[in-house]
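Subject: Structure handover

Hello,

Please find the structure below, with the sequence alongside. My notes on it follow.

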Amino acid sequence: MKAYLAVLGLAASIFCGCSRNIQNQESVRKGVVEHLTKKAGLDVNSMDIEIASVTFRKDEADAVVSFKPKGSNDPATGMKMNYTLERKGDQWVVKGRSGMGAGMGDKNPHGGGMPSGMPSGMPPAPAPETKK
């Protein structure tokens, strides 16, 4: 009976070890960086990418991600983006993005364009529509 319980306990610990808890900022950051590298083709090595906040639901997460040029201390050179991610196994995968975030400094309080000093790999903001 003890041998049976030992085998059962070992099997349970192996099974539980296969599914990691990924509800943390570093796992979300990894998913966003992978998305930016593979899907958007950006040079993430030229940017500081931080998770400003994240909210977890069952198999989804909503994250506010801040971007700024590597080594910049000027908050006006950054921007924030909102991402929705979904859990796929033991990793977060970007499901979608909502809205261009405002610049993090006072020079760009309403977003709408790329703050000065952003790396050239950052996607440009859409041009405003003009009436004809």
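The mean pLDDT of the protein chain is 74, with 60% of its residues at 70 or more. This is a predicted model, and confidence is uneven along the chain. The lowest mean, 51, belongs to helix 1 (residues 2–17), while strand 3 has the highest, at 96. Two stretches need a caution. Over residues 13–17 the pLDDT stays under 50, and the model has zero contacts there beyond four places in sequence. Residues 102–130 are also below 50, but this stretch has 56 contacts in the model beyond near neighbours in sequence. Where pLDDT is low, the predicted coordinates should not be read in detail.

Overall layout

The protein chain holds two helices and four strands. Read from the N terminus, the order is α-α-β-β-β-β. Of the 132 residues, 28% are buried. Among contacts between residues at least 6 apart in sequence, 46% join residues at least 24 apart.

The core

The largest nonpolar core has 20 residues, and those touching the most other members are Val32, Leu36, Ile49, Val65, Phe67, Tyr83 and Leu85. Two or more residues each come from helix 2 (25–38), strand 1 (47–56), strand 2 (60–69), strand 3 (79–88) and strand 4 (91–103). Leu85 shows how these parts meet. Beyond its neighbours within four places in sequence, Leu85 contacts Val28, Gly31 and Val32, then Asp59, Glu60, Ala61 and Ala63, and finally Trp92, Val93, Val94 and Lys95.

Helix 2

The length of helix 2 is as expected: its 14 residues should span 20 Å at 1.5 Å a residue, and the end C-alpha atoms are 20 Å apart. Its N-terminal end is capped by Asn24, which places a side-chain oxygen 3.3 Å from the backbone nitrogen of Glu26. The buried residues in this helix are Ser27, Val28, Gly31, Val32, Val33 and Leu36.

Two of these deserve a closer look. Ser27 has a relative accessible area of 14%, so this serine counts as buried, the cut-off being under 20%. Apart from residues within four places in sequence, Ser27 is in contact with Arg20, Ile22 and Trp92. Val33, also in helix 2, is buried at 17% relative accessibility. With residues up to four places away left out, Val33 touches Val44 and Ile49. The C-alpha atoms of Val33 and Glu50 are 9.9 Å apart, with these positions 17 residues apart in sequence numbering.

The aromatic pair

How many aromatic pairs does the structure hold? There is one. Phe56 and Trp92 form this pair, which is tilted, at 5.7 Å centre to centre and 35° between the planes. The pair links distant parts of the chain, since Phe56 sits in strand 1 and Trp92 in strand 4, 36 residues apart. Their exposure is as follows. Phe56 has a relative accessible area of 25% and is partly exposed, whereas Trp92 is buried at 3%. Trp92 also appears among the contacts of Ser27 and of Leu85.

The loop between strand 2 and strand 3

Are Ser72 and Thr77 buried or exposed? Ser72 lies in the loop between strand 2 and strand 3 and is buried, with a relative accessible area of 14%. Thr77 is found in this loop too, and is buried at 10% relative accessibility. Their side chains make a polar contact of 2.8 Å. A polar atom of the Thr77 side chain also lies 2.8 Å from the backbone oxygen of Asp74. Further along the sequence, Ser72 and Asp48 are 24 residues apart, yet their C-alpha atoms are 8.5 Å apart in space.

To sum up

For a first look at the model, the main items are these:

- The core, to which helix 2 and strands 1 to 4 each give two or more residues.
- The tilted pair of Phe56 and Trp92.
- The side-chain contact between Ser72 and Thr77.
- The stretch 102–130, where the pLDDT is below 50.

Regards

Definitions and conventions: Residues are numbered from 1 along each chain as its sequence is written. This is a predicted model: local features need pLDDT of at least 70, side-chain atom pairs count only at pLDDT 80 or more; totals for chains, interfaces and linings use all residues. Side-chain values use heavy atoms; hydrogens and water are left out. A nonpolar core is a set of buried Ala, Val, Leu, Ile, Met, Phe, Trp, Tyr and Cys residues joined through side-chain atoms within 4.5 Å. Buried means under 20% relative accessible area, exposed over 50%, partly exposed in between (1.4 Å probe, protein chains only). Contact means heavy atoms within 4.5 Å. pLDDT is the predictor's confidence in each residue, from 0 to 100. A polar contact is a pair of N or O atoms within 3.5 Å; within protein, one must be able to donate a hydrogen and the other to accept it, and residues adjacent in sequence count only if both atoms are side-chain atoms. Rings of Phe, Tyr and Trp (its six-membered ring) pair if their centres lie within 6.5 Å; planes under 30 degrees apart count as stacked, over 60 as edge-to-face and the rest as tilted. The expected span of a helix is 1.5 Å times one less than its number of residues.
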